[in-house]
Amino acid sequence: MAKRLLAGMALLISVLALLGAVPVNATSSQYSTTYSKYLYQPAPAVPAFAIPGGNFTLHLKGDIQGIDSVIAVSVLHGPYRLHILESSFSKGGPNYAVIAVPDDIAPDDYFLLIKTDKGTLVLPNGLKVFKEWPKTLTIGWVSDTHVTSSAKIGYVCGPYFQHSIYKLEQMCSNPIPLHSVVATDSAYTYWAMQRPTLIINTGDDVDSSNDLVGYTIMYNIMEHAAAAGQAHLSIKGNHDNPPVIYSQLIGPPVFYVTIGKFLIIGLDTGGDRGWPTMDEIKWMEKVLNEHPGYTPIILYHHPFFFAPRWNYLGGKISGLDPSNDADWAQLEKYIGNYWRGNLTVARRFLEDVVKYNIPLTMSGHIHHDMYWVYTDKEGHTHYFLTLTSTGAPDKESNPPSNPKHSPTWYGTNLVVISQNGSVEMPLTPVKFNGNKVTSDFISIPVPQEFMIFRHNTDFGTVAKFINELNHTVTGPITFVIPEGAKIDPEHTNITYKVLGERTIGDRTYLMINASVPVGVSQIVIDKGPDTEKPVLQIAYLQPTHPAPDQQSMLYFTAQDNLGIRDLYAQIYDSNGKLVTYGKVDKFPAEPGSGKPTNTFYTVELPPLKPGKYKVEVVAVDFYGNKATVSQNLNIASPTSTTSTSSSSTSTTSSGGGGICGPALIVALAALPLLLRKRK
């Protein structure tokens with residue numbers, strides 16, 4: 001028995017190793033996309049900002065002893081060969097290069113191709129060029145994206161969100177399992193289409209700090225936005241701690257950038273610590289002192305004000321001075337448990353907010369919207385804003401699990417700040433009762449009601465849109481495509497205009513201006529007609545012998561040469577009648593992982609009465625090619641002996657022959673159980 005168990009584990013480990021070797025964002029030896037081998041800053045999540053005729057600085061690693069060239073290129077503009085104004089290279093450092101921005105450069109978000117003595121770095125979102133410095137910043141805000149290479153699923157339908165699909169199926173006819181990868185990509189895509197000044201992510205970019213594939217997926221999502229011309233910034237959260245992979249692929253844990261007269265500072269509140277260190281506070285003060293006359297914005301992950309017992313949603317605080325002991329004693333009750341771990345740091349920070357007249361701080365972490373307005377003794381207003389989770393299902397459901405709880409959803413928001421320090425969220429007015437906020441939903445329902453499901457293969461790139469926002473969403477979208485792929489107008493039902501196509505490094509990008517209508521739509525970019533059906537194979541049912549009125553899970557594999565648009569199961573009784581549960585008769589498939597190469601899925605089957613049933617899994621690709629596979633179920637009554645469930649394969653694109661041996665398919669199908677992460 002032990003030998004069989006060890007053999008099974010060895011098989012599973014070998015399968016996991018194969019899956020871990022997914023070549024996401026693979027590059028040739030000529031190019032590198034690991035910014036941290038070359039630079040401290042800029043980074044994929046912390047670009048440089050400039051205007052034509054200006055300059056910016058590359059902060060180089062100490063082992064970089066020379067730069068041959070710096071090229072700025074986007075899908076629509078360039079390439080521009082940038083002139084090196086000044087540089088310093090020494091073993092002791094610090095090494096840097098000051099780069100001139102051409103007078104005739106077009107405003108855009110640019111990739112930087114930096115050729116050094118160590119190789120060539122391809123840096124998306126490396127340089128954002130404005131026509132002129134903005135007097136107002138519009139910020140497309142995301143937070144707690146929690147991208148993961150494993151499974152992280154919540155269930156949505158319109159404004160509703162639930163942890164359990166069974167609850168949602170009682171309320172909605174089309175419940176959607178929403179993975180953190182899809183949620184995050186949808187939010188970045190949406191804001192890139194809306195064209196804010198920049199996107200800001202306030203932390204927990206990835207769900208697990210050791211998830212290399214998850215960070216690579218996050219990198220690719222940000223790359224899509226950059227290729228669409230959208231600048232963005234990220235800070236790390238507690239799930240990004242320790243920031244080993246984060247710092248290698250995404251950006252520095254602590255940084256500052258200037259955009260005209262705006263100064264944005266990113267702080268690191270650590271993992272379990274929950275507040276910035278005093279050294280960070282002193283560094284922040286140094287940066288603020290070096291930039292008098294700037295309008296500061298401070299980003300950190302754990303919220304500063306957070307008083308659930310007083311009011312979970314936030315409120316107004318007026319006239320209290322943190323430098324006054326009596327006033328500070330009153331202010332303390334509003335400080336969140338995270339920052340209360342070091343009240344010396346918390347007090348110093350709030351004193352700095354007043355001293356330097358910081359109008360806006362932004363945070364995440366609690367997976368709920370929160371809005372605080374603090375007016376100091378001089379009458380200056382300071383906004384402490386917190387956003388719900390954009391990508392994680394670990395939040396209170398809507399409707400809530402308890403009538404006394406405050407519901408939420410997958411959200412983003414738009415924050416507008418002017419140079420004079422005025423702050424507003426124009427899309428989501430906030431309601432008050434006295435000094436207490438009464439608005440549960442201060443964010444907008446993106447990606448809750450706007451989703452994009454991308455699929456990339458060697459044959460083409462496809463995307464399915466679900467738009468329930470009650471209006472058409474229009475703007476630029478960029479796709480990574482295989483060489484030679486073109487848009488198939490016959491199988492594309494969004495309105496689009498091709499804006500440009502360019503190969504940067506070793507990836508080809510196609511940029512379109514798209515109008516995504518209300519409802520379900522798609523775009524197909526391929527090398528030719530797709531005549532192949534998807535390939536399906538059922539692995540097993542858990543439990544193997546479902547009891548009456550018992551929920552069960554069906555595990556299976558699904559693949560297609562281009563991408564599967566619709567994947568679901570239907571249940572038929574012994575008379576061939578379609579079985580419904582609540583308002584649902586098509587039970588949606590859930591991906592077993594967030595990897596772009598995922599082929600493993602589950603369907604959560606509802607409780608069934610005693611009797612004989614057939615479960616049919618249906619896969620439809622973007623050309624309408626359809627494949628099915630079925631399994632018979634015999635749900636015995638409690639007094640009878642339960643029969644073994646038998647399976648019989650119906651039409652599949654592979655003729656029902658399967659894709660691998662029985663032992664391997666069972667091992668592979670077991671992976672969703674191991675990878676599933678639900679709170």
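In this predicted model, the side chains of Asp 566 and Lys 464 form a salt bridge with an N to O distance of 2.9 Å; the term stands for a side-chain nitrogen of Lys or Arg within 4 Å of a carboxyl oxygen of Asp or Glu. Distant parts of the chain are linked by this pair, since Asp 566 belongs to strand E37 (residues 564-573) and Lys 464 to strand E29 (residues 460-467), 102 residues apart. Strands (E, at least two residues) and helices (H or I, at least four) are DSSP runs, numbered from the N terminus. Asp 566 is partly exposed at 22% relative accessibility, whereas Lys 464 is buried at 12%. Here buried means under 20% relative accessible area, exposed means over 50%, and partly exposed lies in between, with a 1.4 Å probe and protein chains only.

A few notes on conventions help in reading these values. Residues are numbered from 1 along each chain as its sequence is written, and side-chain values use heavy atoms, with hydrogens and water left out. As the model is predicted, local features need pLDDT of at least 70 and side-chain atom pairs count only at pLDDT 80 or more, while totals for chains, interfaces and linings use all residues.

By the salt-bridge rule, the count comes to 15. One of these joins Arg 348 and Glu 285 at 2.7 Å, N to O. Arg 348 lies in helix H9 (residues 343-355) and Glu 285 in helix H6 (residues 278-290), so this pair ties together parts that are 63 residues apart in sequence. Arg 348 is partly exposed at 27%, and Glu 285 is buried at 11%. Another salt bridge brings Glu 280 and Arg 273 together at 3.6 Å, N to O; Glu 280 is buried, at 9% relative accessibility, while Arg 273 is partly exposed, at 28%.

Turning to the strands, E2, E4, E8 and E7 form an open sheet in the order E2-E4-E8-E7, with antiparallel pairing. Strands count as paired if DSSP finds at least two bridges between them. E2 and strand E7 (84-88) stand at the edges with a single partner strand each, so one side of each has no neighbour in the sheet. From one strand to the next, the twist averages 25°, with axes taken as lines fitted to C-alpha atoms (for helices over the stretch in contact) and angles running from 0 to 180 degrees between N-to-C directions. E2 and E4 run antiparallel and are joined by two bridges; Gln 41 has His 59 in E4 as its bridge partner.

Gln 41 and His 59 appear again at the second largest pocket, where they lie nearest the centre together with Thr 57, Tyr 256 and Val 257, out of 22 lining residues. Strands E2 (39-41), E3 (48-50), E4 (55-60) and E17 (255-259) each give two or more residues to this lining. The pocket holds about 660 Å³ of space. On a 1 Å grid over the protein atoms alone, a pocket is an open set of points where a 1.4 Å probe fits, with protein on both sides within 12 Å along at least five of seven lines, and lining residues have an atom within 4 Å of a point. Grid points are joined across faces, edges and corners, and the volume is the space filled by probe spheres set on the points. The lining has 16 nonpolar, six polar and no charged residues, where Ala, Val, Leu, Ile, Met, Phe, Trp, Tyr, Cys and Pro count as nonpolar, Asp, Glu, Lys and Arg as charged, and the others, Gly among them, as polar.
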